[in-house]
Amino acid sequence: MESKKSNLHVLLVSFPAQGHINPLLRLAKCLASKGFLVTFSTTETIGHLMKEATNAKSCKIGHGELRFEFFSEGWEINEPQRANLGAWIHQLETVGRESFTALVNRQSQMGRPSVSCIINNPFVPWATDVAAELGIPCAVLWVQSCAVYSIYYHFQHQLATFPNPDQRDMTINLPSLPSQEFDDIPDFLTLNPYDSLRKVILSQFENLDKSFCVLVDSFEELERETIEVMSRISAPIIPIGPLFKSTNDASSVRGDIWKATDDCLQWLDSQSPNSVIYISFGSVVSLSKEQLEELSAGLLKSGTPFLWVLKTPPINVGSKPELPDGFKEEAEGKGMVVEWCPQEQVLAHSAVSCFLTHCGWNSSMECLTSGVPVIAFPQWGDQNTNAKLLIDAYGVGVRMKKTQKDGTAVVTRDEVERCIFEVTKGARAEEIKKNARKWKEAAEVAVAGSSHRNIELFVADILRMHG
Ligand code: UDP
């Protein structure tokens with residue numbers, strides 16, 4: 001059986017963004033540990049920023065092997081047109097698709113087993129078509145919650161009426177989900193900030209029938225009803241998460257686009273248990289100057305030690321966020337600002353008391369299943385829905401509220417201070433901590449139980465398809 005697996009070659013292809021790379025790479029490691037030859041692929045421009053991966057080129061994991069190979073979308077990282085999202089997505093769908101097809105085809109010419117199975121993530125729906133054209137079985141790894149899958153699916157198939165920007169009082173009710181207000185719905189469907197991304201997101205539902213299953217980085221105990229409902233009306237949904245707990249992630253090659261500062265772990269070692277607030281807004285969000293001012297003032301007012309991730313954008317869009325004058329001096333000895341950190345290890349550290357997060361699905365999953373209470377500060381896309389789930393459905397934190405200040409909506413310093421207090425010491429703090437512990441334990445049960453079984457069934461499916 002093991003020798004059969006090493007002759008089977010699974011190719012994973014990821015949209016070139018950190019929040020997509022991480023879950024795909026975790027699944028790649030997991031499948032390699034089962035004995036397969038696994039190739040992880042994304043665009044060359046982002047692939048080259050994944051320094052650990054490019055340096056490693058390939059590594060043994062268990063009985064299997066994980067290797068990295070990238071394809072070109074024909075533009076360099078500093079190509080000025082990249083700033084035009086629509087033009088870049090088109091480039092990815094045309095030139096990128098062609099060079100990805102060539103990558104698949106050249107595997108056997110390079111002396112490796114030809115590709116037996118492709119796993120793509122939703123933002124590269126064209127990979128499913130490439131797989132169908134080449135007669136290769138394809139599965140999708142959905143990298144957001146099943147709730148968000150349901151919302152997009154209902155929208156795309158016109159199974160529910162969604163509000164437009166003039167209908168902010170309207171709520172939507174979908175099977176098994178809490179009632180969604182305007183601000184809880186992914187804003188691609190309401191305000192539509194990036195039309196090209198909305199098209200990519202929705203187009204994935206057009207060729208779903210070409211995939212043999214939809215894997216999801218969630219777990220049965222968390223989204224059981226939604227998984228059941230969506231499996232009945234769309235494709236079979238197979239929960240296999242939380243993937244970062246299913247793989248021994250810390251011990252093998254990481255896919256970071258930025259260099260993670262390990263020093264922050266030593267700094268955390270020097271802090272009292274349950275005392276530090278961890279702050280990160282993921283890989284894409286950047287906050288306005290006004291918002292950074294309010295956030296840093298609120299943080300100092302709260303007197304809470306902090307670890308804050310402030311990254312420089314990886315490509316030529318935007319610049320490094322500037323902290324307000326005097327902040328570094330005032331914050332001396334109270335906290336640490338880093339460009340990037342090993343987030344899973346930070347969240348597992350006993351010094352961390354809560355996570356002020358933008359609620360990307362990976363961050364949501366990582367904190368929920370690490371038992372860390374949340375201060376939710378969603379900005380766009382599915383983050384709105386994730387915040388709703390974390391706060392209202394799972395009961396693990398509080399959501400910061402924006403108010404109008406000088407004509408713009410910001411979270412004020414008082415609100416920042418209030419939320420830190422509420423989640424760490426307020427009347428509901430104990431209940432929030434209890435809920436957080438409950439989800440951590442449920443995730444551990446899933447990793448050893450339902451998600452583990454589902455991964456084994458998926459592996460069996462691949463083996464069966466190849467006789
Ligand atoms: N992350 C990390 N170090 C950091 C900040 C983030 O390793 O300093 C990882 C985090 O663990 C998560 C991913 O980057 O896996 C961000 O994905 P998410 O879905 O939360 O947000 P996105 O970047 O897609 O907005």
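# Exercises on a predicted model

In this predicted model, the buried residues of helix H6 are covered by elements that include strand E1 (9–13), helix H5 (85–109), strand E5 (115–120) and strand E6 (138–142).

## Exercise 1. From H6 into E6

Task: Determine which residues of helix H6 are buried, and which elements the chain links through H6.

Solution. Begin with the helix itself, which spans residues 126–134 and whose buried residues are Trp126, Ala127, Thr128, Val130 and Ala131. Just after H6 comes Gly135, with a positive phi of about 70 degrees. Next, turn to strand E6, where five of five residues are buried: Cys138, Val140 and Trp142 lie on one side, Ala139 and Leu141 on the other, and both faces are thus covered. This arrangement can be read against a general rule, namely that in a regular strand the side chains alternate between the two faces of the sheet.

The pairing of E6 is the next step. E5 and E6 are parallel and share three bridges, with Asn120 standing opposite Val140 in E6. The chain passes from E5 through H6 to E6, and this β-α-β crossover is right-handed. E6 is also joined in the parallel sense to strand E7 (residues 213–216), by four bridges, and there Val214 is the bridge partner of Val140.

## Exercise 2. The surroundings of strand E10

Task: Find which strands are joined by bridges to E10, and establish whether the faces of E10 are covered or open.

Solution. Strand E10 comprises residues 306–309, and both of its faces are covered, since Phe306 and Trp308 on one side and Leu307 and Val309 on the other are all buried. E9 and E10 run parallel and are joined by three bridges, and Ile277 stands opposite Phe306 in E10. Between these two strands the chain goes through H12, in a β-α-β crossover that is right-handed. E10 is joined as well to strand E11 (residues 335–338), again in parallel, by four bridges, and Phe306 stands opposite Gly335 in E11.

## Exercise 3. One face of helix H17

Task: Explain why the buried residues of H17 line one face of the helix.

Solution. First consider the span: H17 (residues 413–424) has twelve residues and reaches 17 Å from its first C-alpha to its last, close to the 16 Å expected at 1.5 Å a residue. Its buried residues are Val416, Cys419, Ile420 and Val423. Viewed down the axis of H17, these buried residues fall within an arc of 100 degrees, and they therefore line one face of the helix. The general background is that an α-helix has 3.6 residues a turn, so residues three or four places apart point the same way. Finally, the cover over the buried residues of H17 includes strand E9 (276–280), helix H12 (289–302), strand E12 (352–357), strand E13 (374–376), strand E14 (397–399) and helix H18 (429–448).

## Exercise 4. The loop between E8 and H10

Task: Decide whether Ile240 is buried or exposed, and identify the residues with which Ile240 is in contact beyond its neighbours within four places in sequence.

Solution. Ile240 lies in the loop between strand E8 (237–239) and helix H10 (243–246). The cut-off for a buried residue is 20 or more other C-beta atoms within 10 Å; Ile240 has 28 C-beta neighbours inside that distance, and therefore counts as buried. Leaving aside neighbours within four places in sequence, the contacts of Ile240 are Leu215, Ser246, Ser451, Asn454 and Ile455. Ile240 and Ala446 are 206 residues apart in sequence, yet their C-alpha atoms are 8.4 Å apart in space. The loop between E8 and H10 also holds Pro242, which is joined to Gly241 by a cis peptide bond with omega of about -5 degrees.

## Exercise 5. Positive phi outside glycine

Task: Locate Lys57 and Gln158, and decide for each whether the residue is buried or exposed.

Solution. Most residues other than glycine have a negative phi, and most peptide bonds are trans. Lys57, although not a glycine, has a positive phi of about 60 degrees, and lies in the loop between helix H4 (51–56) and strand E3 (58–61). Lys57 has 11 C-beta neighbours inside 10 Å and so counts as exposed. Gln158, also not a glycine, has a positive phi of about 50 degrees and is found in the loop between helix H7 (146–156) and helix H8 (195–203). With 8 C-beta neighbours inside 10 Å, Gln158 counts as exposed.

Note on methods:
Residues numbered from 1 in each chain as written. Predicted model: local features only at pLDDT ≥ 70, side-chain atom pairs only at ≥ 80, totals over all residues. Expected span 1.5 Å × (residues − 1). Buried ≥ 20, exposed ≤ 12 C-beta atoms within 10 Å, placed from the backbone. Arc of directions from axis to C-beta. Contact = placed C-beta atoms within 7 Å. Pairing = 2+ DSSP bridges. Right-handed = clockwise from strand over helix to strand, strands pointing away.
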